[in-house]
Amino acid sequence: MNFFSKILSLIKPYWVNGLLNAVFNILAVIFSVVSLTMVIPFLRLLFGTEELVDKAPQLGISVDSVIDYFYYYLSKIIIEHGRYDALFFICVLVTVLFFLKNLCRYLALHVLAVVRNKAVRDIRNEIYKKMLSLPLGYFSNEKKGDLTARMTTDVQEIEWSVMSSLEVAFRDPVSIILFLFAMLLMSPELTLFVLILLPITGFIIGKVGNSLRRYAELGQSKMGDIISIIDETLSGMRIIKAFNAEEATLNKFKGESDKHSNFLISMYRKKDLSSPLTEFLGAAVLVTVMWFGGKMVLSDSTEIDAAMFIGFIAIFSQIIPPAKSFATAYYHIKKGMASMQRIEEVLQVESNIKDKPDAKVIDGFSDKIEYKNLSFVYENANTEIVLRNINFELRKGETVALVGPSGGGKSTLADLIPRYYDPTEGDITIDGVSLRDCKLKSLRALMGIVTQESILFNDTIYNNIAFGKPDASKEEIEEAARVANAHDFILEFDNGYETNIGDRGGKLSGGQRQRLSIARAILKNPAILILDEATSSLDTESEMLVQEALNKLMENRTSLVIAHRLSTIQHANRIVVIDNGEIVEEGEHEELLNKNGLYRKLHDMQTFA
Ligand code: ADP
């Protein structure tokens, strides 16, 4: 979609306001032209060069007949009341016209405010919605900071540059045309001089504008790098301090900051050139017009008299500000185009993890999940194979544990069940249906996931537990918290369930956070449970409480458990040992110990450590 059709599609829902804006702008320009032409009768009156019209002209709808009638009316005032009253009449008329002009200008902006802000709101919502629909693979691919920059600074850029230019785009061409029209009526010959210069000016401005856009693009992507560093620093503050890495981090940040500011310097220099450039070009035309027009007046040309010439200059001088703001808007739009481009890039990403048109709704889990000859490679990574030829089954009601050295591919294997990624080769089926043929929502509705790092949100305890089931009753929430061994500690907070847990649950201990994650999973009541090192980061005491909660959660469900500590999974129905992307052993605890293989080795290491 090209830039202008995108902008048009954004403002389309608010077309009524856009239309009203155009109408008010046209009215404002008309009032402005009329008030400025008043300078002509005013001067003629002062110089005593007016010709009195004592016969009423035919009142038609052409500009000429309106002017004729105005002169007739003015002559009548002069004849009946004298020149002073005529002067007073003109002054009152000009005041009224200016008032109306400014009223219309205000009204035009008033209705445009809706278009500007709602269009920006829409694009922000659109990109957020897109972000939620993107596959997980995308987020390791594109840096988070880059995405944040696109969502914040780029959207803001659109608001500032493009939307503020909207008004100009609606108003200024109309103003310029109407002013030119008035000038044409006064003196076609002089107007021609003005028209010659416009394309020349346009060309010069266009040259500078193109390089501006390039700088704007680079500048914004540098901003993404800066946000990445800020984000990383904020989440890694403990480590930065512990390793005394403040200085190194600062230097890294300064480096990026410098690059960004250098781009901005070049960009603003280009942009700042626009205003002096147009002003100078405007003055050059003005002088040319004064030279030719002045000569015509001096040579007593019949086309234009002194008063008319001054009127012409007055109107012409009014063309310069809109022409200038039009040029500025052009720069802004060039800058905004870069941002729009970056936003479009995100909006255009096609999620490869999405429902097929005839996707099947899975309304329960009755038999088994099966991995069939599955291989997997992360698309973004350096093509190293992560899982190789995996075949195994997770039958209903079973607890299967995945163990093995870290980096072996256990988490990846688990991530394939909620279809965070699609297998590179082979397939996974649930009750015989390939995951690719299932409706994602219905598939994920069956699953509860508890990971090593509890992902909680900056909200109340209540809302964090209710996350996957917003319509849950208070009793259900409390029951879930009880089962998860969380109820007691929650009540110890002054605000109980209404306590806000801070950013990522920062006000809670690791064990407390984990029990909230478990309560959240219990409330969802999933048929299939995926526990990815759910107790690994806890101390022994919290681990006991959490393990107890997990055991209750796992009752009567089908579970896939990734565990580092083998003691927690001895009672699993089956243990699958994964090393370097392959299943190397599979069986019950005792059976595997007797095999004297990798499991035995891992077990002995932990037991005798
Ligand atoms: P485990 O859970 O057994 O520790 P993982 O499944 O986390 O192993 O990782 C398996 C391999 O895949 C590792 O080599 C890791 O570097 C790689 N990996 C994990 N996640 C990603 C990702 N998002 N992008 C690219 N490579 C990844």
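Which residue takes a positive phi just after H3? Gly48 does, with a value of about 70 degrees. The chain that holds this glycine is a predicted model, in which local features need pLDDT of at least 70, side-chain atom pairs count only at pLDDT 80 or more, and totals for chains, interfaces and linings use all residues. Residues are numbered from 1 along each chain as its sequence is written, and side-chain values use heavy atoms, with hydrogens and water left out.

The protein contains 20 helices and 10 strands. These elements are DSSP runs numbered from the N terminus, with helices being H or I runs of at least four residues and strands being E runs of at least two. The C-alpha trace spans about 120 × 50 × 50 Å along the principal axes. The radius of gyration of the protein is 37 Å, while a compact globule of 609 residues would have one near 25 Å. That radius is taken over C-alpha atoms, and the globule rule is 2.2 Å times the number of residues to the power 0.38.

The division into domains gives a picture of this layout. Domain 1 covers 3-347, domain 2 is made of 352-446 + 528-536 + 559-609, and domain 3 covers 453-525; the bounds come from an automatic or database domain assignment. The centres of domain 1 and domain 2, taken over C-alpha atoms, are separated by 60 Å. Five residues from domain 1 and five residues from domain 2 take part in the contact, where contact means heavy atoms within 4.5 Å.

Some totals describe the whole chain. Of the 609 residues, 45% are buried; buried means under 20% relative accessible area, exposed means over 50%, and partly exposed lies in between (1.4 Å probe, protein chains only). The accessible surface comes to about 32,000 Å², and carbon and sulfur atoms account for 58% of that surface. Accessible areas come from the Shrake-Rupley method with a 1.4 Å probe, and for residues only the protein chains shown count as cover. Among contacts between residues at least 6 apart in sequence, 76% join residues at least 24 apart. The protein has 65 positive and 75 negative charges, and their mean positions are 3 Å apart. Lys and Arg count as positive and Asp and Glu as negative, without His and the chain ends; each charge is placed at NZ of Lys, CZ of Arg, CG of Asp or CD of Glu.

Within domain 1, helix H3 (residues 39-47) has Ile40, Pro41, Leu43, Arg44 and Leu45 as its buried residues. The cover over these residues includes H2, helix H4 (63-81), helix H5 (83-133), helix H7 (144-186) and helix H11 (306-347). Helix H2 (residues 15-37) also holds Asn21. Asn21 counts as buried because its relative accessibility is 0%. Leaving aside residues up to four places away in sequence, Asn21 touches Ala108, Leu109, Val111, Leu112 and Phe170.

In domain 3, Arg513 lies in helix H17 (residues 510-524). Its relative accessible area is 23%, so Arg513 is partly exposed. Beyond residues up to four places away in sequence, Arg513 touches Ser454, Leu456, Arg504, Gly505, Gly506 and Leu508. Ile501, 12 residues from Arg513 along the chain, has its C-alpha atom 9.2 Å from that of Arg513.

Ile455 sits in the loop between strand S6 (447-451) and helix H14 (461-465). With a relative accessible area of 46%, Ile455 is partly exposed. Ile455 and Leu516 are 61 residues apart in sequence, and their C-alpha atoms are 9.7 Å apart. Glu479, in helix H15 (residues 474-483), is partly exposed at 42% relative accessible area. The C-alpha atoms of Glu479 and Leu523 are 8.4 Å apart, with their positions 44 residues apart in sequence counted as separation.

Two loop residues return to the matter of phi. Most residues other than glycine have a negative phi. Asp431 has a positive phi near 50 degrees and is not a glycine. Its place is the loop between strand S4 (425-430) and strand S5 (433-434), and at 26% relative accessible area Asp431 is partly exposed. Asn525, also not a glycine, has a positive phi of about 50 degrees. Asn525 is in the loop between H17 and strand S7 (528-532). Asn525 counts as exposed because its relative accessibility is 54%.
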